[in-house]
Structures are given as structure tokens and as C-alpha cells.
Amino acid sequence: MSSDKKNIEPSELLSLYWNFFQLHSEQRMKIVELFITVETILFGVFAVQFGKNLFLSIIISAAVALIALICIRLDIRATNLLHDCRIAIRKTENKYMAEYPQETRLFNNIKKNEKTLQFSKSIRACYITVCIIGVAMIFISIFA
């Protein structure tokens with residue numbers, strides 16, 4: 001190892017973590033927006049095709065369920081990445097901001113409220129509900 005090894009400054013480290021956090025937060029919201037848009041279109045097409053074309057109705061219903069499952073998986077991935085990033089930021093805050101008041105350490109304050117933050121559970125409940133509706137639409141198409 002050379003003696004001219006350069007270290008990352010704490011502010012650079014926090015900036016790196018924040019950019020990572022921001023990127024994955026934005027991706028998570030884009031997944032929600034895409035889900036709403038695509039599912040709305042599919043429900044509309046299903047409503048138009050219902051009773052006219054059994055095969056197309058079943059395909060659309062399956063697509064509704066499949067897209068919901070894909071969104072669940074993508075949301076779990078994004079949630080895990082965000083969770084890991086929050087842990088890294090908390091550790092950095094604790095190490096380099098120990099002399100600052102607790103209320104200025106944003107991610108340490110979030111930790112206290114994580115049990116009450118329910119975005120993940122709420123959005124996944126929506127995805128699961130739409131997935132179940134998609135499966136029900138398959139049966140409705142077949143038996144109606």
C-alpha cells in the first residue's frame with residue numbers, strides 16, 4: 001500500500017449515499033407511476049373486450065396479474081436497496097456528526113419513525129389486490 005492513499009471525505013461519502021438513495025427512491029416512484037398507467041390501460045381494454053373475445057380477455061387479465069407481480073418484485077428490490085442505504089447513512093451520521101444535535105441527523109431520526117412509515121405495506125397491498133383482481137378477471141372471462 002502506498003502512503004499517498006486518498007480517503008473519502010465524510011461530506012463526499014454522504015453525498016454518494018444520498019445520490020444512491022435519491023436514484024432508487026425516484027425509481028420506486030416511477031414503478032408506481034408505470035403500474036398505475038399500464039394497469040389503467042389494461043383495465044380499459046378489458047372492459048371494452050369483455051364478452052367479445054374470450055382469448056383476448058384472458059390474455060389481458062393475465063397481463064394485469066403479471067404486471068402486478070413484477071411491480072411487487074421491483075418494489076421489494078428498491079425497498080431493500082433503500083434500507084441498506086439508510087443504514088449506511090445512519091452509520092456515517094453517527095460517526096461524523098456525533099457533535100451535532102440529534103435533530104440534525106435526519107436518517108437517525110427516520111429510524112425512530114420507521115415502524116410507523118407504511119408506504120411499502122400500502123403500495124404492496126395495492127399490487128397484491130390488483131394481482132388478485134387480474135386472476136379473478138380470468139375466471140370471470142371464462143365463466144361469464
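What share of the contacts in the chain with a separation of 6 or more comes from residues 24 or more positions apart? The figure is 74%. Keep in mind that this is a predicted model, and let's walk through where some of those contacts sit.

Start with the layout. There are four helices in the chain and zero strands, so reading along the sequence is just a matter of going α-α-α-α. Of the 144 residues, 30% are buried. The chain exposes about 9700 Å², and 67% of that comes from carbon and sulfur atoms.

Now head inside. The largest nonpolar core holds 16 residues, and Phe35, Val64, Ala68, Cys71, Tyr127 and Val130 are the ones with the most contacts within it. Three helices, α1 (10-49), α2 and α4 (119-143), each put in at least two residues. Helix α2 is the biggest contributor to this core, giving six residues. To get a feel for the packing, click on alanine 68: setting aside neighbours within four places in sequence, alanine 68 is in contact with Phe35, Glu39, Tyr127, Val130 and Cys131. There's also a second core, separate and made of five residues, with Phe21, Leu82, Cys85 and Phe107 among them.

Two of the names around alanine 68 deserve a stop of their own. The chain has four aromatic pairs. One of them joins phenylalanine 35 and tyrosine 127, with ring centres 4.6 Å apart and planes at 80 degrees, an edge-to-face arrangement. Because phenylalanine 35 belongs to helix α1 and tyrosine 127 to helix α4, this pair ties together parts of the chain that are 92 residues apart in sequence. Both phenylalanine 35 and tyrosine 127 are buried.

Another aromatic pair brings together phenylalanine 46 and phenylalanine 50. Here the centres are 5.5 Å apart and the planes meet at 45 degrees, so the pair is classed as tilted. How do the two partners fare for burial? Phenylalanine 46 has 10% relative accessibility and so counts as buried, while phenylalanine 50, at 35%, is partly exposed. Both of these rings turn up again around serine 57: leaving out residues up to four places away in sequence, serine 57 touches Phe46, Gln49, Phe50, Gly51 and Ser141. Serine 57 is part of helix α2 (residues 54-96), and its relative accessibility of 2% is why it counts as buried.

Next come the charges. Side chains of opposite charge can pair when their charged atoms come close. How many salt bridges does the chain have? The count is two, and aspartate 75 is a partner in each. With arginine 28, the closest N and O atoms are 2.7 Å apart. That bridge links distant parts of the chain, since aspartate 75 is in helix α2 and arginine 28 in helix α1, 47 residues apart. With arginine 124, the closest N and O atoms are 2.9 Å apart. This one also spans distant parts of the chain, from aspartate 75 in helix α2 to arginine 124 in helix α4, 49 residues apart. Put together, Arg28, Asp75 and Arg124 are linked in a network of salt bridges.

Is the acid at the middle of this buried or exposed? Aspartate 75 has a relative accessibility of 1%, so it counts as buried, the cut-off being under 20%. Arginine 28, with a relative accessible area of 9%, falls on the buried side as well. Arginine 124 comes out at 22%, so it counts as partly exposed.

Finally, step out to the surface. Which residues make up the nonpolar patch of about 500 Å²? They are Leu54, Val135, Phe139, Ile142 and Phe143. Helix α4 gives the most to this patch, with four residues. Take phenylalanine 139 as an example: it sits in helix α4, and with 47% relative accessibility it counts as partly exposed. So helix α4 appears on the surface through this patch and also in the interior, as one of the helices that supply the largest nonpolar core.

Technical notes: Residues numbered from 1 in each chain as written. Predicted model: local features only at pLDDT ≥ 70, side-chain atom pairs only at ≥ 80, totals over all residues. Heavy atoms only, no water. Buried < 20%, exposed > 50% of the residue type's maximum accessible area, 1.4 Å probe, protein only. Contact = heavy atoms within 4.5 Å. Core = buried A, V, L, I, M, F, W, Y, C linked by side-chain atoms within 4.5 Å. Phe/Tyr/Trp six-rings, centres within 6.5 Å; stacked < 30°, edge-to-face > 60°. Patch = residues over 30% accessible without salt bridge, like charges linked within 9 Å, V, L, I, M, F, W, Y side chains within 5 Å. Areas by Shrake-Rupley, 256 points an atom, 1.4 Å probe, with all protein chains shown as cover. Salt bridge = Lys/Arg side-chain N within 4 Å of Asp/Glu carboxyl O.
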